[in-house]
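I sat down today to look for empty space inside a protein and to see what fills it. My notes are below, in the order I looked things up.

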Amino acid sequence: MTDGSGRAARLRDELTDKLLAGGQIVSPVVEQAFRTVRREMFVPPGTALDAVYSVDHSVVTKTDEHGVGLSSVSAAYIQARMIEMADLRPDMTVLEIGSGGYNAALLAEVVGPGGQVVSIDIDAEIADRARDLLGRAGYGGRVTVVQADAEHHVPGLGPFDRTLVTVGAWDIPPAWPDQLTADGVLVVPLRMNGITRTIAFRRHGDHLASSDVEVAGFVPMQGAGAHAERAFLLPDRRGKHVRLQFDSDVPEATDLLDGVLATEPVSVWSGVTVGNGISFADLHLWLAVLLPGFCQVTAEAGTDLAAGFCKTWFPFGAVHGGSFAYLAVRRTTESAGVEFGATAHGPHGRAVAGALVEQIRAWDRTGRHHEPAFGFWPTGSGVSRLPDPSAVLKKRHGAVSISWPQPS
Ligand SMILES: C[S@@+](CC[C@H](N)C(=O)[O-])C[C@H]1O[C@@H](n2cnc3c(N)ncnc32)[C@H](O)[C@@H]1O
């Protein structure tokens, strides 16, 4: 063993130990896979071993001309979680959407010699690279790499007991459930109004119902399933811009927002607080699907927003008519806690800020302590009655439902 491979082996064991301690690995067969596959063989030459064996860093392997990531070796924590969420076991047939090599090698270790792994990538360069690296790492005969757009059926292969989508999806095309066995599991990072949750789905009558959920994002889908979000630039009083990004359509009459950032802001506070280090990721999801006019916000350096909340907090807000509100936070007297509120500009600023604050309070009452359930309803299935609060988001191939249990 050279020094490098000895260190890699030590880091591999340490990574596996951390994933066990963090609860991302729960089954011995997944643990063994992580202890076995040499992750460093699948990253670009020269990548520092510490970065390779980090729990939560992905390693980008291809970017577009603007430097936006097109392909990566995903972060180890989400790879472990997705394999566990899929309930992948020996002898199964599994489809991986989005190749890179490393994750497919993990899948091959888990399904063993009696199983089958198919990995599909739209990008010929990535597919060739994955095939080559898998061959070098000794998995050539155990993984079939296909170059095609995964929007469509994988020709001549399947059905699959499990499908793991390792690229950010906006929708679930019919091919994915069609190719699944009757009790199959589909794990997919699904974007809902700009927010991604990686969701394990199982069949439930005419729709898919979630069985497990994780917070994680991925590089966006290309090909027929690509989805472009729409952005609108709002100038402030110094001529700098705040970018509002909407899931599909920007609201009508955005000209009503002209000059809105130059107007005096108004803030409304919710009384809802969160302690330092406590996760409130689901507030983001709650507002994304239940607050009308929701948008993601990015502020150019030099704007008041960039100096303020965009720096440290989830930057999002809502537009209504000629008014714009965004999430605000202020320190509470309790040690290191913060209170949520809303700051707004425009003629109906107080009302728009009030609507945001009402949703923060509703989340505190109903959503805060409960994980939502997700459903995917293919075109032709009828969305059944859902508990209140729920949201249904229209997609090209059906609809996604998000529902929180009613408080008891
Ligand atoms: C995050 S990478 C995959 C990581 C990989 N599973 C690993 O070992 O970590 C996402 C991949 O999805 C691919 N991709 C994007 N759109 C696709 C599509 N429509 N069909 C198949 N692959 C796609 C990209 O080319 C990219 O290589």
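These entries go through the cavities and then the ligand.

**Entry 1: the model.** I am working from a predicted model, so I keep in mind that every value here is computed from it.

**Entry 2: counting cavities.** I first asked how many cavities of 30 Å³ or more the structure holds. I found three. The largest has a volume of about 350 Å³, and the second largest comes to about 80 Å³.

**Entry 3: walls of the largest cavity.** I looked up the lining and got 29 residues. Nearest the centre of this cavity lie G98, S99, D121, T166 and V167. I then checked which elements give two or more residues to the lining, and they are β2 (69-73), β3 (93-97), α5 (102-111) and β4 (116-121). The top contributor is β2, with four residues. Sorted by class, the lining has 14 nonpolar, 11 polar and four charged residues.

**Entry 4: the second largest cavity.** Here I noted the lining residues, among them D149, E151, W170, W176, R396 and H397. M221, Q222 and G225 also belong to this lining. The class split is five nonpolar, three polar and four charged.

**Entry 5: where is the ligand?** I wanted to know which cavity the ligand sits in. It is the largest one. I count 26 residues around the ligand, and S71, E96, D121, D149 and Q222 come nearest. D121 is a name I had already written down, as one of the residues nearest the centre of the largest cavity. D149 and Q222 were on my list too, in the lining of the second largest cavity.

**Entry 6: polar contacts.** Three distances went into my notebook. The side chain of S71 has an N or O atom 2.6 Å from an oxygen atom of the ligand. For G98, a backbone N or O atom is 2.9 Å from a nitrogen atom of the ligand. For T166, a polar side-chain atom is 2.9 Å from a ligand nitrogen. I then looked up the exposure: the ligand taken alone exposes 600 Å², and the protein buries 99% of that.

**Entry 7: the shell around the ligand.** Which elements each supply at least two residues of this shell? My answer is β2, α5 and β4. Once more β2 gives the most, with four residues. By class, I have 11 nonpolar, 11 polar and four charged residues in the shell.

Methods
Residues are numbered from 1 along each chain as its sequence is written. This is a predicted model: local features need pLDDT of at least 70, side-chain atom pairs count only at pLDDT 80 or more; totals for chains, interfaces and linings use all residues. Side-chain values use heavy atoms; hydrogens and water are left out. On a 1 Å grid over the protein atoms alone, a cavity is a set of points where a 1.4 Å probe fits but cannot get out, and a pocket is an open set with protein on both sides within 12 Å along at least five of seven lines; lining residues have an atom within 4 Å of a point. Grid points are joined across faces, edges and corners, and a volume is the space filled by probe spheres set on the points. Ala, Val, Leu, Ile, Met, Phe, Trp, Tyr, Cys and Pro count as nonpolar, Asp, Glu, Lys and Arg as charged, and the others, Gly among them, as polar. A residue is near a molecule or strand if one of its heavy atoms lies within 4 Å of it. A polar contact is a pair of N or O atoms within 3.5 Å; within protein, one must be able to donate a hydrogen and the other to accept it, and residues adjacent in sequence count only if both atoms are side-chain atoms. Accessible areas come from the Shrake-Rupley method with a 1.4 Å probe; for residues, only the protein chains shown count as cover. A molecule sits in a cavity or pocket if more than half of its atoms lie within 2 Å of its grid points.
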